[in-house]
Amino acid sequence: MLANYAFIGVFFIGAIIFPLVPLVAAYLLGPKRPTPIKLDTYECGLEAVGDIRVQFKIQYYLYALAFVIFDIEVVFLYPWAAAYGQVGLFALIAMAIFLVILVGGLVYEWKKGALEWV
Amino acid sequence: MTWIDLVILVVKCIVLSLAATAVFAYFTLFERRTLARLQNRMGPNRAGPGGLLQPLADAVKLFFKEDVTPLMADRWVYLVSPTFALIPAIIIWATIPVGMWPDGQGGNWLQLAEINVGVLYLLAVMSVGVYGITVAGWASNNKYSMLGGIRASAQVISYELALGLTVLGAVMQAQSFSTAVIVERQAQMWNIVPQFLGFVVFIIAATAEVVRAPFDLVEAEQELVGGYNTEYSSMKFALFFMSEYVKLVAMNAIAVTLFLGGWQFPGLQTLTLFVTQQYGAAVGNAVLGLTSLGAFLLKVLALSFVSVWIRATLPRVRYDQLMNLGWKVLLPLSLINVAITAVLNVLLPDAPTLTAIISLVVGVIILAVTANVGRPGKEKRTVKLVEIGL
């Protein structure tokens, strides 16, 4: 069983090397004729104005926060899903309570407008 | 582990990586040809018979293109991110059983690694996939790329919840995290029947997860030029393109594994038994391996056609609609799916047919009601200017 993790490890190393081959090949084969205009930031032909590392919408952060909370709660469901058949009704009731809390959080967020994209 | 095992392992890894590349190359051709047919045109048919050499020609062209690194870009991050995007797309194939060819020691030639948490591995690798896109958007130092990258991360994390919960449904059906066990448990009935709701939600969430039309806001040409890959050219662009398509096919393969019975098809056991009795175990195993691989590839091809079909049919959604669909429709639906599966499997553990029929009917009803509630004609038609991004 543990050997299988080693297989994934070898495959992972292979997957790191794999994209490097075409990158190096393209580097060797392709022409290199840089000009200042070619190397400029592309903005539909206009001069780029200002820095890109500026503030962006707070909504992205809200979704990220909501995601972290829900994803961790979902992670708790995984071990349960593999074992609920053996535990029976008790597992069902326990998870029902957990799910009610989870759904409660979702409904609260929904009502508070955290899921609205404005 | 002897050195022969190591050689076999390395060969397996190389074959799997190359297979993924070949699948990518020919999927692009398949998509272009099918899209063309759906739009009543011919598609690429000049290079080789039926356009079969087109992917090769494209690859050669990309090799000889100039590799431009913008002056404003963060050089190292810019260089690393295409690789970063491709690695998860390839290693995700490690635990997918693409067929069943017994190696005589309880293993399977056609599955690289059988680990008991295979589904968790799939989910973990799937989540890592978005980093390449986000980092590429950041490193390019271009407003379009940046927006594309941020959109990608917000979109992918939103749909990951629904995706994880629908995968959970398939796990609950088999009560195991091993992909091999999940496929084996579908010998009698594919998971699509008891998990119909889960399957539909999975397909939608998976389409969004690999940022494909109609959820391709990350690279919406009309708004963001090329999105995160605006500043990429030559092979670096090709690697992004490749990671996207390999991920898409991998998603379809995962859908087949979890919901469509993997490599199983009706009559497989009878066939194998017959051949084994007739010609011996070695031939039996070979026939089992080849037919199961064929069945798996056929199912993946069918789902890939559906992906292309969806792309040809549906227009791109707006960003607020995208987020609403993920959080307010798919997430509740997947929670309902988990609840139905849990209740039915605990209350009626010995009647798989009955539970399957009940959950199929309930799933269809829920989907019909959801579709009806969200029908475009029903919402108030107020025109609201939607501020996009930044």
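**Exercise 1. The second largest pocket**

Task: In this predicted model, describe the second largest pocket by its volume, its lining and the domains that lining draws on.

Solution.
Step 1. Start with the volume: the second largest pocket holds about 1,100 Å³.
Step 2. Count the lining and find its centre. There are 43 lining residues, and those nearest the centre are Phe24(B), Thr28(B), Phe237(B), Phe241(B) and Tyr245(B).
Step 3. Assign the lining to elements. Chain A contributes two or more residues from α1 (2-29), and chain B does so from α1 (3-38), α2 (54-63), α9 (234-259) and α11 (281-313).
Step 4. Sort the lining by class: 27 residues are nonpolar, 5 are polar and 11 are charged.
Step 5. Check the domains. Domain 1 (22-64) and domain 2 (67-371) of chain B each provide at least three residues of this lining.

**Exercise 2. The closed cavities**

Task: State how many cavities reach 30 Å³ or more, then describe the lining of the largest cavity and of the second largest cavity.

Solution.
Step 1. The count of cavities of 30 Å³ or more is 6.
Step 2. The largest cavity encloses about 110 Å³. Its lining consists of 13 residues, with Ile203(B), Thr207(B), Leu248(B), Asn252(B) and Ser307(B) closest to the centre.
Step 3. At least two lining residues of the largest cavity come from each of α7 (196-209), α9 and α11 of chain B. The largest share belongs to α11(B), with 4 residues.
Step 4. By class, the largest cavity is lined by 9 nonpolar, 3 polar and 1 charged residues.
Step 5. The second largest cavity encloses about 60 Å³. Pro88(B), Ala89(B), Ile92(B), Val125(B), Met126(B), Glu209(B), Val210(B), Lys247(B) and Met251(B) form its lining.
Step 6. For the second largest cavity, α3 (75-91), α4 (118-139) and α9 of chain B each give at least two lining residues. The classes are 7 nonpolar, no polar and 2 charged.
Step 7. Compare the elements: α9 of chain B appears in the lining of the largest cavity, and α9 of chain B also appears in that of the second largest cavity.

**Exercise 3. The interface of chain A and chain B**

Task: Give the number of contact residues on each side, the buried area and the number of salt bridges between the chains.

Solution.
Step 1. On the chain A side 66 residues take part in the contact, and on the chain B side 82 residues.
Step 2. Between them the chains bury about 6,800 Å², with 76% of this area from carbon and sulfur atoms.
Step 3. Within chain A, the residues that lose the most area to chain B are Phe11(A), Tyr78(A) and Tyr84(A), which together make up 11% of what that side buries.
Step 4. Salt bridges between chain A and chain B number 0, while the count over all chains is 6.

**Exercise 4. The two domains of chain B**

Task: Describe how domain 1 and domain 2 of chain B meet, and which salt bridges Glu31(B) forms with Arg212(B) and Arg311(B).

Solution.
Step 1. Set the bounds: domain 1 of chain B covers 22-64 and domain 2 covers 67-371. Their C-alpha centres are 24 Å apart.
Step 2. The contact involves 11 residues of domain 1 of chain B and 18 residues of domain 2 of chain B.
Step 3. The two domains bury about 1,400 Å², and carbon and sulfur atoms account for 86% of it. On the domain 1 side, Phe24(B), Phe27(B) and Leu62(B) lose the most area to domain 2 of chain B, together 43% of what that side buries.
Step 4. The interface of the two domains of chain B has 2 salt bridges.
Step 5. Turn to Glu31(B). A salt bridge joins Glu31(B) to Arg212(B), with the closest N and O atoms 2.7 Å apart. Arg212(B) sits in the loop between α7 and α8 (221-224) of chain B and Glu31(B) in helix α1 of chain B, so placed that 181 residues separate these distant parts of the chain.
Step 6. Glu31(B) also forms a salt bridge with Arg311(B), at 3.0 Å from N to O.

Methods:
Residues numbered from 1 in each chain as written. Chains lettered and ligands numbered in written order. Predicted model: local features only at pLDDT ≥ 70, side-chain atom pairs only at ≥ 80, totals over all residues. Heavy atoms only, no water. 1 Å grid on protein atoms, 1.4 Å probe; cavity = no way out; pocket = protein on both sides within 12 Å on 5 of 7 lines; lining within 4 Å. Points joined across faces, edges and corners; volume = space filled by probe spheres on them. Nonpolar A, V, L, I, M, F, W, Y, C, P; charged D, E, K, R; others polar. Domains from an automatic or database assignment. Contact = heavy atoms within 4.5 Å. Buried area = accessible area lost by both parts, 1.4 Å probe. Salt bridge = Lys/Arg side-chain N within 4 Å of Asp/Glu carboxyl O.
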